[in-house]
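Please load the model in your viewer and keep the selection tool at hand, since the tour below moves from one selection to the next.

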Amino acid sequence: MPAKEVNPDIQKERNTATFNPREFSVLWAGGEERYKEKKTLEKMFLEDPALEDDLPVSYLSHKELYEHSLRKACIIGEKIRKLRADGEDGVDTYNALLGGSLGAAILKEGNPLTLHYVMFVPTIMGQGTMDQQVEWLSKAWDCEIIGTYAQTELGHGTFLRGLETRADYDPKTQEFVINTPSLSSYKWWPGGLGHTANHAVVVAQLYTKGVHRGLAPFIVQLRDSDTHKPMPGIDIGDIGTKLGMKSVNNGYLGLKNVRVPLNNMLMKNQQVLADGTYVAPKNSVLTYGTMMFVRCALIRDTAQSLAKASTIATRYSAVRRQSPIDPNQPEPQIMEHTTQQLKLFPQIAKAIVFKTTGDGIWNMYNVISGEIEQGNLDRLPEMHALSCCLKAICSADAAAGVETCRLSCGGHGYMDCSNFPTIYGMTTAVCTYEGENTVMLLQTARYLVKVYGQALNGEKLVPTVAYINEALTQQKFVNFDGSLESIVKAFQFVAANKTRIAYEQLELRRKQGHGTEVAANLCGTFLTAAADLHGRAFLAQTAYTELLELSRQVSPALADVLKVVLELYLVDACLNRIGDFLRFIELTDQDVTKLEVRLESCLKRLRPNAVTLVDSFDLHDRVLDSALGAYDGNVYEHIFESTKKNPLNKEPVNGSFHKYLKPFMKAHL
């Protein structure tokens, strides 16, 4: 039975907050207009009975979950059609419905149509010619065809050059003949591929006139438009159950002599002429535009994951009472324990910093995309490097943060009804898809050592790595006074020195006679460490710049809270990398102790506003889907209510008792 009154402990937290939560909610949403649009979407989708779950999806079989999810996905798709017809289908709408917020409320384990919208359509837009966009986009937007993006293979993932799927051009018929020549070349993992999509962008090694040309994307029909049966030469299905994202319908795809017309190769960046003549792209990096687009979007998704996890854990910590601090006093809220605050509050701060950074990176991507359209590729390497390392850092930190929040809730955090298992499953997947994190760091490192060499030659670097120029003029870091600005500068100095060491190690291996790739492998740990610190220095700089700027735009009360969040984030980030700081900066024992004391001070100052701050993320109870994190704070009532939905409890005696247990118990008589 649902509780109707708000738990008094959590209500007290809200009553004593020092700022207006709606002000931050509007800020978090991106402004008053977007806040209102968010509320309109929630009303449109969350008040539709057809999109509610009668039974928690964790009790469904894999087949039942897919069918249940596809039904709801089609309802969502129909609503999107209506929004498009009314001109109300902006980027924020798709982010909400297909990302980690509103979409998760409706389809807890993922949407089998997501890749159609976030990969299939953008790939056609980004890599198709104008004529190809005219031919395919209207069908895709209207869902007359359902697509996915088939790149990863059973034997190869992030290493794109290793992909085995092959497309040979036949000039006699003006067709490409596509094959997966081995089991390891089968496409593996694309969402919606199993039983949902009838088309795919298939990435294959292109051969024309017997010459290997590199990777190219092809639109391939997978299933018949009417019967949905696999087309000739297509071997296709669902790959099975997974840790998370259980209803995304990830699939496998084998192709045997599948022929597609010449025009089915997306040719905005590279072309094949009718006679087989190959026209190479101006820049090979252009073909990676879709993945860069998705990586930028993923940074904001990680912020949503942390916002959800920290909201659940913070509300629970305001209600749960345990372990007296003073033996003569009643059990306190567990949030009174400093150790509990240290688990929770840095995750709140990271959510805010990752969201702020994600918004900035998204805007930067849009600006650079415009420059690319005009033929200006100058900032493309910078954008690629930044999106790679931030995707890796934010996803790894978010996955660890979700797990920390789960652990902070004790045994109850282990229950499905807490929603931590699902949030973790969805979040940790980001560490792997769209570029495995270690490989992402190595790609960033390749850029860093290159620009470090340029800096040594006296070249002025672009803004995101300009700190390397500055560090080259400094023998040592001076005047670390513990201020926020000095922490940011220290991060940059440390990052520059980690890049210096990676560069020197790479040069050392080359002088020893190793080729570039072998040398890079031998000093891989130096390279990934440099990329990690580069990303963290960028996060520190962005947090410092953006949160201080925001604090000047809001009320003094909210500004005070944002400044505490900023200080907490920077001090915590510094202490988490204190070994690197001690290596390159002359910090004393007293300096480190001061940082540790400041961390405790930040926790204490954020404590009165913790519940209201997570309230300000404005996450609907359906989005959280957690017995531990409901807005009313009635944790125990919601946990017990969840047991009543358990099919095992629908009968007092399960049939297995008479079938198995009773005969076993009576067997010795």
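Buried, as used on this tour, means under 20% relative accessible area, while exposed means over 50% and partly exposed covers what lies in between. Please keep in mind throughout that the model is predicted.

Begin by selecting residues 635-643, which form helix α23, and colour Val635, His638, Ile639, Glu641 and Ser642, which are buried. If you then look down the axis of α23, the buried residues fall within an arc of 160°, so they line one face of the helix.

Turn next to the salt bridges, of which the structure holds 37. Select Asp48 and Lys79, whose side chains meet in one of them with an N to O distance of 3.2 Å. This pair links distant parts of the chain, for Asp48 sits in the loop between α3 (32-46) and α4 (62-85), whereas Lys79, 31 residues away, belongs to helix α4. Both Asp48 and Lys79 are buried.

For a pair within a single helix, move to α10 (residues 338-373), where Lys355 and Asp359 lie 4 residues apart, about one turn of the helix. Their side chains meet in a salt bridge at 3.0 Å, N to O. Lys355 counts as buried because its relative accessibility is 13%, under the 20% cut-off, whereas Asp359, with a relative accessible area of 24%, is partly exposed.

Helix α15 (residues 484-511) offers another such pair, Arg500 and Glu504, which are separated by about one helical turn because they are 4 residues apart. The closest N and O atoms of their salt bridge are 3.2 Å apart. Arg500 is partly exposed, with a relative accessible area of 23%, and Glu504 counts as partly exposed at 40% relative accessibility. An α-helix has 3.6 residues a turn, so residues three or four places apart point the same way.

To see salt bridges joined into a network, select Lys38, Lys39, Glu42 and Asp618 together.

Now select Gln454 in helix α13 (residues 437-456). Is this Gln454 buried or partly exposed? At 24% relative accessibility, Gln454 counts as partly exposed. Leaving aside residues up to four places away in sequence, Gln454 touches Glu459 and Leu461. If you add Asn469, which is 15 residues from Gln454 in sequence, the C-alpha to C-alpha distance between the two is 9.4 Å.

Finish with residues 149-258, which the UniProt annotation "domain: Acyl-CoA oxidase/dehydrogenase middle", from an unreviewed entry, covers. Over residues 149-258 the chain is 0% helix and 42% strand, and the end C-alpha atoms are 17 Å apart.

Conventions: Residues numbered from 1 in each chain as written. Predicted model: local features only at pLDDT ≥ 70, side-chain atom pairs only at ≥ 80, totals over all residues. Heavy atoms only, no water. Helix = DSSP H or I, 4+ residues; strand = E, 2+ residues; numbered from the N terminus. Buried < 20%, exposed > 50% of the residue type's maximum accessible area, 1.4 Å probe, protein only. Contact = heavy atoms within 4.5 Å. Arc of directions from axis to C-beta. UniProt positions renumbered as here; feature names shortened; annotations may be inferred. Salt bridge = Lys/Arg side-chain N within 4 Å of Asp/Glu carboxyl O.
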